[in-house]
Amino acid sequence: MKRLARSPIVVAPHGVDLTRFRPAPEAAASDRSVRARLGVPDRYVLHLGTIEPRKKVDDLIAATEGIGVALVLGGRAWSGHEPAARRHVHRLGFVEDADVAPLMRETLAPRVELVTVTSGTGMSTAFALGEETIAALFG
């Protein structure tokens, strides 16, 4: 067995601001008003992040088609990778910081960036909100 040199333990925080991203039943009315202002339907699955090939957004669009929920895409698309228009897809474009937590609290399941290898910050944020998530692993 190989011996490893002793080194100090480093604790790295998860990077989620728990003052913003937490379950907040008292904020339900204001969360709904954010959704209404942005024109987001009542029942939706959420993807926040850049729309790019490695995140398999086209697969998410196909997977959510015909299941009775909207797919809300928040984030900019890479040049040349604009997803195909579908009736159930609602594009928000860039989402302001103040709108992220309300949108995540109101969604049926925030689908966040966990494809191939990413930072996992989106998953940590969803967990901090007490939300279930859908994770797609590819590659």
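The following paragraphs lead through a predicted model, from its overall fold to its helices and then to individual positions in a strand and in loops.

The protein contains four helices and four strands. Along the sequence these elements succeed one another in the pattern α-β-α-β-β-α-β-α. The protein has 139 residues, of which 41% count as buried. About 8600 Å² of the protein is exposed, and 56% of that area is supplied by carbon and sulfur atoms. Among the contacts between residues at least 6 apart in sequence, 64% join residues at least 24 apart.

Helix α1 spans residues 28–38, and its buried residues are Asp 31, Val 34 and Arg 35. Viewed down the axis of α1, these buried residues fall within an arc of 95°, so they line one face of the helix. The spacing in sequence fits a general property of helices: with 3.6 residues a turn, residues three or four places apart in an α-helix point the same way. The face of α1 that is turned away from the buried side carries the exposed residues Ala 29, Ala 36 and Arg 37. The cover over the buried residues of α1 includes strand β1 (44–48) and helix α3 (97–106). Just after α1, Gly 39 adopts a positive phi of about 75°.

The packing of α1 with α3 can be described further. The two helices pack at an angle of about 100°, and their axes are 9 Å apart. Angles of 65 to 115 degrees count as roughly perpendicular, and α1 is therefore roughly perpendicular to α3. On the α1 side, the contact is formed by Ala 28, Asp 31, Arg 32, Val 34, Arg 35, Arg 37 and Leu 38. On the α3 side, the partners are Asp 99, Pro 102, Leu 103, Arg 105 and Glu 106. By class, the residues of this contact comprise five nonpolar, no polar and seven charged. Asp 31, Val 34 and Arg 35 thus appear both among the buried residues of α1 and in the contact with α3. Arg 37 also takes part in the contact, although Arg 37 belongs to the exposed residues on the face turned away from the buried side of α1.

How is α3 itself placed with respect to the rest of the structure? Eight of its 10 residues are buried, so α3 is largely enclosed by the rest of the structure. The buried residues of α3 are Asp 99, Val 100, Ala 101, Pro 102, Leu 103, Met 104, Arg 105 and Glu 106. Met 104 also lies 7.2 Å from Leu 46, C-alpha to C-alpha, although 58 residues separate the two in sequence. Leu 46 is found in strand β1. With a relative accessible area of 1%, Leu 46 is buried.

Between β1 and α2 runs a loop that holds Thr 50. Thr 50 has a relative accessibility of 30% and so counts as partly exposed. The C-alpha atom of Thr 50 is separated by 7.9 Å from that of Gly 74, which lies 24 residues away along the chain.

In helix α2, the buried residues are Val 57, Leu 60, Ile 61 and Thr 64. Because these residues cover an arc of only 100° around the axis, they are on the same side of α2. On the other side of α2, Ala 62 and Ala 63 are exposed.

Beyond α2 (57–64), the loop leading to β2 (70–74) contains Gly 66. Gly 66 comes just after α2 and takes a positive phi of about 80°. The relative accessible area of Gly 66 is 77%, so this residue is exposed. Its C-alpha atom is separated by 9.7 Å from that of Arg 87, 21 residues apart along the chain.

Note on methods
Residues numbered from 1 in each chain as written. Predicted model: local features only at pLDDT ≥ 70, side-chain atom pairs only at ≥ 80, totals over all residues. Heavy atoms only, no water. Buried < 20%, exposed > 50% of the residue type's maximum accessible area, 1.4 Å probe, protein only. Arc of directions from axis to C-beta. Contact = heavy atoms within 4.5 Å. Areas by Shrake-Rupley, 256 points an atom, 1.4 Å probe, with all protein chains shown as cover. Axes fitted to C-alpha atoms, helices over the stretch in contact; angles between N-to-C directions. Parallel < 35°, antiparallel > 145°, perpendicular 65-115°, else oblique. Nonpolar A, V, L, I, M, F, W, Y, C, P; charged D, E, K, R; others polar.
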